[in-house]
Amino acid sequence: MLQIFDRLSLRGLLGLDAVTCFVMGGLLLAAGSLLAAPLGLPEGLLFYAGLVLLPIAVFMLAVAAPSSPPAAGVFVVVAGNWLWVAASVALPLLGLVSPTGLGYAFLGVQAVAVAVLALAEQRSMGRGSARALA
């Protein structure tokens, strides 16, 4: 499944990650009030999740800007992605939200998408480290 991302450079992956953050952030800010009821997720959660995604996307673009993205910046992006996945799973498991079936699907799909990006970024970072050692 991750092989499709092997053609993208680390910079490309970070750029893709940033674009998905901008799109999701914009969607949640623009339509969070409309999505809240069908998803069974609090409108405030959707709004603030959308709001947080915008500066995260800017950070990802800043990390991707140099020809060789700094390892520390990439680590922060990957760690943030894994925290997003963990929060997406933990919120309903801990009873902090009560999503509808559509809400579970929404949380699951976006968590899987973020996990795939995190794994692809980790793999790309590992390939870059292996090339540097060779």
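**Entry 1: α2 against α3**

I started with a crossing: α2 passes α3 in a left-handed way. I should jot down that this is a predicted model. For orientation, α2 covers residues 43–64 and α3 covers residues 71–93. I looked up their geometry next, and the two axes come within 10 Å and cross at roughly 160 degrees. Angles over 145 degrees count as roughly antiparallel, so α2 is roughly antiparallel to α3.

Which residues of α2 meet α3? I found L45, A49, V52, L53, F59, M60 and V63 on the α2 side. Facing them from α3 are G73, V74, V76, V77, N81, W84 and L91. Sorted by class, this contact has twelve nonpolar and two polar residues, with no charged ones.

**Entry 2: α1 against α2**

Then I went back along the chain to α1, which spans residues 10–39. How far apart are the axes of α1 and α2? They are 8 Å apart, and the helices pack at an angle of about 170 degrees. That angle is why I can write down α1 and α2 as roughly antiparallel to each other. I checked the handedness too, and α1 passes α2 in a left-handed crossing. My class tally for the α1 contact with α2 reads 23 nonpolar, six polar and three charged residues.

**Entry 3: the largest pocket**

On to the open spaces. The largest pocket holds about 340 Å³ of space. I counted 18 residues lining this pocket, and those closest to its centre are D17, C21, L53, N81 and V114. Which elements give two or more residues to that lining? They are α1, α2, α3 and α4, with α4 running over residues 101–133. By class, I get 13 nonpolar residues, four polar and one charged in the lining of the largest pocket.

Two names here rang a bell: L53 and N81 sit among the residues closest to the centre of the largest pocket, and both are on my list for the α2 and α3 contact.

**Entry 4: the second largest pocket**

The second largest pocket comes out at about 200 Å³. Its lining has 13 residues, and L45, A49, W84, S88 and L91 lie nearest the centre. Again I saw α1, α2, α3 and α4, each supplying at least two residues of this lining. Which helix gives the largest share? It is α3, with four residues. The class split for this lining is eleven nonpolar, two polar and no charged.

I recognised some names once more: L45, A49, W84 and L91 lie nearest the centre of the second largest pocket, and they also take part in the contact of α2 with α3.

Note on methods. Residues are numbered from 1 along each chain as its sequence is written. This is a predicted model: local features need pLDDT of at least 70, side-chain atom pairs count only at pLDDT 80 or more; totals for chains, interfaces and linings use all residues. Side-chain values use heavy atoms; hydrogens and water are left out. Axes are lines fitted to C-alpha atoms, for helices over the stretch in contact, and angles run from 0 to 180 degrees between N-to-C directions. Angles under 35 degrees count as roughly parallel, over 145 as roughly antiparallel, 65 to 115 as roughly perpendicular and the rest as oblique. A crossing is left-handed if the near helix is turned anticlockwise from the far one by less than a right angle, and right-handed if clockwise. Contact means heavy atoms within 4.5 Å. Ala, Val, Leu, Ile, Met, Phe, Trp, Tyr, Cys and Pro count as nonpolar, Asp, Glu, Lys and Arg as charged, and the others, Gly among them, as polar. On a 1 Å grid over the protein atoms alone, a cavity is a set of points where a 1.4 Å probe fits but cannot get out, and a pocket is an open set with protein on both sides within 12 Å along at least five of seven lines; lining residues have an atom within 4 Å of a point. Grid points are joined across faces, edges and corners, and a volume is the space filled by probe spheres set on the points.
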